[in-house]
Amino acid sequence: MDEDVTTIHITKALSSSMIVELLNKYSNLEEITCPPSVYKRTSKTYIDALRRLGIEVRKKYDWGAKSRSNDIEFYVRKLSDEGLSAKQISQKLDISLNRVYYLLKKSEAEFDNRKRKHDHAEIKKLKKEGLSAKEISERLDIPLRTVYYILNKK
């Protein structure tokens with residue numbers, strides 16, 4: 001007999017034998033919760049009888065998988081903003097690489113997972129400073145066609 005239990009959740013429609021069993025097992029029962037589909041299949045007579053005994057029967061929406069994030073989205077975004085790669089984040093937080101990519105996409109983070117041979121941001125910065133494509137090419141020692149490609153890419 002569980003005297004501390006005041007609320008239980010059932011997944012089958014109530015029957016007279018089930019009610020007797022529940023009352024014997026849980027002497028301090030105050031509330032029975034169930035999914036809406038089970039509530040519909042339960043006789044109104046049983047629900048009214050339980051209400052007279054001081055036990056409420058209520059619908060409880062308890063659907064779907066529960067979020068397992070525990071603020072992990074925040075940490076993934078923070079580590080990404082600090083410049084860690086997806087693989088490093090995955091190892092540091094001990095979560096799968098796919099989950100890292102999913103959380104980054106979900107948080108709409110500015111994240112580039114491609115390894116680049118040349119620093120695109122630096123090339124664009126030099127262009128804004130007024131250097132020509134040829135000057136950038138010579139300064140960074142990269143092919144002129146690559147500089148044009150990076151600058152013209154949207």
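The crossing of helices α5 and α6 is right-handed in this predicted model. Two packed helices are described by the angle between their axes and the distance between the axes. Helix α5 spans residues 86–93 and helix α6 spans residues 97–106; their axes lie 9 Å apart and form an angle of about 110°. Angles of 65 to 115 degrees count as roughly perpendicular, and α5 is therefore roughly perpendicular to α6.

On the α5 side, the contact is made by Ala86, Lys87, Ile89 and Ser90. Helix α6 contributes Leu97, Val100 and Tyr101. Sorted by class, the contact of α5 with α6 has 5 nonpolar residues, 1 polar residue and 1 charged residue.

Further along the chain, helix α8 covers residues 133–140, and its buried residues are Ala133, Ile136 and Ser137. On which side or sides of α8 do these residues lie? They cover an arc of only 100° around the axis, so they are placed on the same side of α8. The face turned away from that buried side carries the exposed residues Lys134, Glu138 and Arg139. The cover over the buried residues of α8 includes α7 (120–128) and α9 (144–152). Just after α8, aspartate 141 takes a positive phi of about 55°.

Two residues, one in α8 and one in α9, are set out below.

| Residue | Helix | Relative accessibility | Class |
|---|---|---|---|
| Serine 137 | α8 | 12% | buried |
| Tyrosine 148 | α9 | 44% | partly exposed |

Serine 137 lies in helix α8. Why does serine 137 count as buried? Buried means under 20% relative accessible area, and serine 137 counts as buried because its relative accessibility is 12%. Leaving aside residues up to four places away in sequence, serine 137 touches Ile142, Pro143, Leu144 and Val147.

Tyrosine 148 has its place in helix α9. A residue is exposed over 50% and buried under 20%, with partly exposed in between; tyrosine 148, with a relative accessible area of 44%, is therefore partly exposed. How far apart are the C-alpha atoms of tyrosine 148 and isoleucine 136? They are separated by 9.9 Å, and the two residues are 12 residues apart along the chain. Isoleucine 136 is itself one of the buried residues of α8, and α9, the helix that holds tyrosine 148, is among the elements covering those buried residues.

Key
Residues are numbered from 1 along each chain as its sequence is written. This is a predicted model: local features need pLDDT of at least 70, side-chain atom pairs count only at pLDDT 80 or more; totals for chains, interfaces and linings use all residues. Side-chain values use heavy atoms; hydrogens and water are left out. Axes are lines fitted to C-alpha atoms, for helices over the stretch in contact, and angles run from 0 to 180 degrees between N-to-C directions. Helices (H or I, at least four residues) and strands (E, at least two) are DSSP runs, numbered from the N terminus. Angles under 35 degrees count as roughly parallel, over 145 as roughly antiparallel, 65 to 115 as roughly perpendicular and the rest as oblique. A crossing is left-handed if the near helix is turned anticlockwise from the far one by less than a right angle, and right-handed if clockwise. Contact means heavy atoms within 4.5 Å. Ala, Val, Leu, Ile, Met, Phe, Trp, Tyr, Cys and Pro count as nonpolar, Asp, Glu, Lys and Arg as charged, and the others, Gly among them, as polar. Buried means under 20% relative accessible area, exposed over 50%, partly exposed in between (1.4 Å probe, protein chains only). The arc is that of the directions from the helix axis to the C-beta atoms.
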